[in-house]
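Me: I'd like to learn how to read rings, sheets and cores in a protein model. Can you walk me through one?

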Amino acid sequence: MPNKVKLNEIVIDKNRIFYDCTITGEWQRIFHMDRDFFVEYSEDMTQCPPSIAVLPFMGTMLVLSWLFDAEIILNQLDCDFYDAIEDMKREYVEMYPKFTFLGELTVAQIVKTNKPKQQHGNTVLLYSGGVDANYSLYTNMEDKPALLSVWGADVKFEDEAGWNLVAAHTRQVAKQHDLPCCLVKSSFRRFVNYGVVSKLLKRPSFLNYWYTFHHGMGLVSHAAPYAFLHGIRYVMISASYCFKELHRSFCASDPALDCAIRFCGCKVIHEGYEVARITKIRRLCTYSKRMETPMNFRVCWVTGTGKNCCICMKCSRTWLNILTEGFDPEDFGFSVTSETVMQVIGTITNEENYSKIAKNDFWKDCYLRLKEYLESEQQHAWKPDYYELLHDLMKELPFAKSPAVAAKKETTNQAKPIPLSNPPVKVLTAQDGDTVPNSEKSRNFAARAKKFLRGGSTNSPQNKD
């Protein structure tokens with residue numbers, strides 16, 4: 001029997017969109033057939049037409065249908081999204097030439113969907129609370145982006161307490177900057193059996209299905225109903241990599257893949273692709289101190305609790321980056337103790353992790369910055385009694401055993417670390433010609449954020465607003 005999925009009906013009940021579908025063929029094994037596919041929004045969705053309401057479903061099923069040569073059968077689909085499908089497919093084919101992309105799409109009615117009149121800003125930002133998402137937010141503050149966070153992406157349904165932390169953080173940031181926000185609960189990751197899919201698609205350079213194929217389109221598609229209802233023109237997803245890091249990894253959130261997605265006149269922006277992660281961290285931390293703007297980074301995807309474990313490879317690399325740029329990790333959401341440092345040493349010396357770190361340029365950059373930090377006087381500004389532990393951590397990194405890497409000096413024009421005991425006091429002022437919102441307070445805040453975070457001068461006189 002050929003692989004097929006037929007979407008029988010889309011049921012919209014107030015804020016909940018439910019997808020009644022029938023799946024046939026061998027590919028049934030890649031789904032949890034006993035689970036429902038639904039999406040819940042923090043506002044009413046009854047005015048969302050089926051041609052747009054179907055997009056979160058398509059954001060999960062489309063790539064799977066290509067990889068498992070399946071047919072998707074729909075009643076309605078937005079014409080902009082339909083016209084973009086060949087572009088999306090072509091980008092996947094070019095990025096993953098070792099995979100075969102087939103499949104078929106049958107749509108009874110292709111609909112030209114007209115958006116309502118714009119209600120607030122032009123942009124909705126997929127907001128996780130991480131470094132990349134915060135960089136996108138603070139460099140685009142003048143656009144007053146709505147923040148959209150998804151429960152079910154990296155925080156599991158079972159962890160309601162963890163999601164409550166994430167939701168509270170998104171609401172707090174939105175309130176702090178007078179921004180709209182939307183909270184989404186989706187079963188899109190529960191519906192797919194990622195273990196089976198990843199096993200069936202395993203290749204030498206393949207990490208897992210979510211990272212390699214799904215998360216860009218999967219997340220962007222969840223913003224579609226909200227964007228339609230508010231007349232929004234742009235969905236913004238934050239870049240995980242810089243254009244200089246193309247060789248580092250194949251990732252499902254890529255500028256070519258993301259920007260190929262279109263629906264009802266709305267386009268996707270892959271934001272921050274021109275800036276390296278360490279630069280984002282430096283600019284955000286410096287900005288936070290100068291503007292006295294509290295900023296917590298939520299980067300951990302291991303715990304699924306909404307908190308940073310501070311021990312996994314992503315957490316430890318992030319707080320080490322913060323530290324070596326001259327800031328206290330605890331000011332940015334990382335509770336680091338001596339026990340934490342010892343546990344990180346255990347994490348990086350784990351055989352599997354050690355081999356991954358040895359091939360990871362992010363960690364190589366981290367090693368070089370840590371080496372420079374420990375050789376400078378900056379280390380006395382943060383828990384001097386941890387100095388030996390940090391030295392032990394550095395010596396356990398694989399790069400310490402490579403003479404070529406250990407001797408390497410950085411050639412980039414990086415800012416000097418800022419002593420924690422002497423934080424900067426100057427702030428940036430709004431400049432003539434900046435595009436800014438109406439509020440005087442927001443106007444100055446947005447202009448200073450954009451100019452500073454994009455690498456502008458830091459010598460402006462103190463603003464008095």
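**Strands, rings and cores**

Reply: Let's begin with one bridge: leucine 125 has methionine 236 of β9 as its bridge partner. Keep in mind that this is a predicted model.

Me: How many bridges join β6 to β9, and do the strands run parallel or antiparallel?

Reply: The general idea is that strands of a sheet pair through backbone hydrogen bonds, either parallel or antiparallel. Here β6 and β9 run parallel and are joined by three bridges. Strand β6 (residues 123-126) also pairs with strand β7 (residues 146-151), again over three bridges and in the parallel sense. Leucine 126 faces leucine 148 in β7.

Me: What about β9 and β11, how many bridges do they have?

Reply: Five, and that pairing is in the parallel sense. For a residue-level handle, look at tyrosine 234, whose bridge partner in β11 is lysine 267.

Me: In what order do the strands of the whole sheet come?

Reply: Read across, the order is β5-β4-β1-β2-β3-β8-β7-β6-β9-β11-β10, an open sheet of eleven strands with mixed pairing. At the edges are β5 (104-111) and β10 (262-263), each of which pairs on one side only.

Me: Why is β9 described as largely enclosed by the rest of the structure?

Reply: Because four of its five residues are buried. Helix α8 lies across β9 (234-238), running at about 140° to that strand, and α8 also lies across β3, β6, β7, β8 (181-186) and β11 (266-271). Within β9, try valine 235: setting aside residues up to four places away in sequence, valine 235 touches Val124, Leu126, Val220, Ala223, Ala227, Phe263, Cys266, Lys267, Val268 and Ile269.

Me: Which residues have the most contacts inside the largest nonpolar core?

Reply: Val235 is one of them, together with Trp27, Phe57, Phe81, Met88, Phe213 and Phe263, in a core of 77 residues. Helix α2 gives the most to this core, with nine residues. There's also a second, separate core of 54 residues, and its members include Val336, Cys366, Leu368 and Tyr386.

Me: On to rings. How many aromatic pairs does the structure hold?

Reply: A pair of aromatic rings is described by the distance of the centres and the angle of the planes. This structure holds 26 aromatic pairs. Take phenylalanine 37 and phenylalanine 57: their centres are 5.5 Å apart with 50° between the planes, a tilted pair. This pair links distant parts of the chain, with phenylalanine 37 in strand β3 (residues 37-41) and phenylalanine 57 in helix α2 (residues 55-67), 20 residues apart.

Me: Are those two buried or exposed?

Reply: Phenylalanine 37 has 1% relative accessibility, so phenylalanine 37 counts as buried. Phenylalanine 57 is buried too, at 0% relative accessible area.

Me: Why is the pair of tyrosine 209 and phenylalanine 213 stacked?

Reply: Their planes are at 25° and their centres 5.8 Å apart, so the pair is stacked. Both sit in helix α8 (residues 209-222), four residues apart, which is about one turn of the helix. Tyrosine 209 and phenylalanine 213 are both buried. They also belong to a cluster linked by ring pairs, whose members include Trp66, Tyr92, Phe188 and Trp210.

Me: Where does the charged end of arginine 16 sit?

Reply: Over the ring of phenylalanine 38, 4.3 Å from its centre. Trp210 from the ring cluster has a similar story: arginine 189 lies over the face of tryptophan 210, at 4.0 Å from the ring centre.

Methods. Residues are numbered from 1 along each chain as its sequence is written. This is a predicted model: local features need pLDDT of at least 70, side-chain atom pairs count only at pLDDT 80 or more; totals for chains, interfaces and linings use all residues. Side-chain values use heavy atoms; hydrogens and water are left out. Rings of Phe, Tyr and Trp (its six-membered ring) pair if their centres lie within 6.5 Å; planes under 30 degrees apart count as stacked, over 60 as edge-to-face and the rest as tilted. Helices (H or I, at least four residues) and strands (E, at least two) are DSSP runs, numbered from the N terminus. Buried means under 20% relative accessible area, exposed over 50%, partly exposed in between (1.4 Å probe, protein chains only). A charge sits over a ring if NZ of Lys or CZ of Arg is within 6 Å of the ring centre and within 35 degrees of the ring normal. Two strands pair if DSSP finds at least two bridges between them. Contact means heavy atoms within 4.5 Å. Axes are lines fitted to C-alpha atoms, for helices over the stretch in contact, and angles run from 0 to 180 degrees between N-to-C directions. A nonpolar core is a set of buried Ala, Val, Leu, Ile, Met, Phe, Trp, Tyr and Cys residues joined through side-chain atoms within 4.5 Å.
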